[in-house]
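I opened this notebook to record what I looked up around one strand and its surroundings. The entries follow the order in which I consulted the structure.

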Amino acid sequence: MNRSEYESNYWEGIGYRAMRLALTRTLAEEEAVKADFGKEGWKLVVTEVGGKSSRDFQEKINRAVVGASLNSAVIEKLPHEMHALLHACEEAKRGVFINVASDTDLALKVAIIRKQHWLAVAMFGESAIHPMSSHERCGLGVMNV
């Protein structure tokens, strides 16, 4: 495989696409990215989740990811599809929660994307113990369905 073939395949990967969607800053940009990916047969959905890391966030994120994925038909309510989704979500959360203080406020955009038997969950947003300490965080999980 030559370099141009590698680069072409790399930029078409599910992880890249999930992160690209999670990194959108405006609704117009998000809709444009969703439209582009949708034309290529990708199933996708975006949701947002916020809360305290020590309390409600852990429960909210799982409910939001499962609910959005089922409601948008990214997955079906089948054990193996739920299993893959929750594993990808847990993997993405590991990236977000590295070195998070016990009582941090989190606000994340979450993109869930799927094509055939591959599924990815990407998270991007901000965390802060205090408004003046806010900084960006991201996480990505990719699983085979």
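The entries below concern a predicted model and treat strand pairing, burial and nonpolar cores in turn.

Entry 1, burial. I looked up strand E2, residues 105-115, and found it mostly covered, with eight of its 11 residues buried.

Entry 2, pairing with E1. I then examined strand E1, residues 43-52, which runs antiparallel to E2 and is joined to it by 10 bridges. For the register, I noted that threonine 47 stands opposite valine 110 of E2.

Entry 3, pairing with E3. Strand E3, residues 118-128, is also antiparallel to E2, and 11 bridges join the two. Here I recorded glycine 125 of E3 as the bridge partner of leucine 108. Two residues lie between the strands in the hairpin of E2 and E3, and in this hairpin glutamine 116 takes a positive phi near 55°.

Entry 4, nonpolar cores. Which residues of the largest nonpolar core touch the most other members? I found Ile61, Leu85, Val110, Ile112, Leu119, Val121 and Met123, out of 24 residues in that core. At least two residues of this core come from each of E1, helix H4 (57-71), helix H5 (79-96), E2 and E3. Another core, of 15 residues, lies apart from it and includes Leu44, Val46, Ala111 and Ala120. I add that side chains in a regular strand alternate between the two faces of the sheet.

Entry 5, isoleucine 112. I listed the contacts of isoleucine 112, leaving aside neighbours within four places in sequence: Lys43, Leu44, Val45, Val65, Ser69, Val74, Leu85, Ala120 and Val121.

Key
Residues are numbered from 1 along each chain as its sequence is written. This is a predicted model: local features need pLDDT of at least 70, side-chain atom pairs count only at pLDDT 80 or more; totals for chains, interfaces and linings use all residues. Side-chain values use heavy atoms; hydrogens and water are left out. Buried means under 20% relative accessible area, exposed over 50%, partly exposed in between (1.4 Å probe, protein chains only). Helices (H or I, at least four residues) and strands (E, at least two) are DSSP runs, numbered from the N terminus. Two strands pair if DSSP finds at least two bridges between them. A nonpolar core is a set of buried Ala, Val, Leu, Ile, Met, Phe, Trp, Tyr and Cys residues joined through side-chain atoms within 4.5 Å. Contact means heavy atoms within 4.5 Å.
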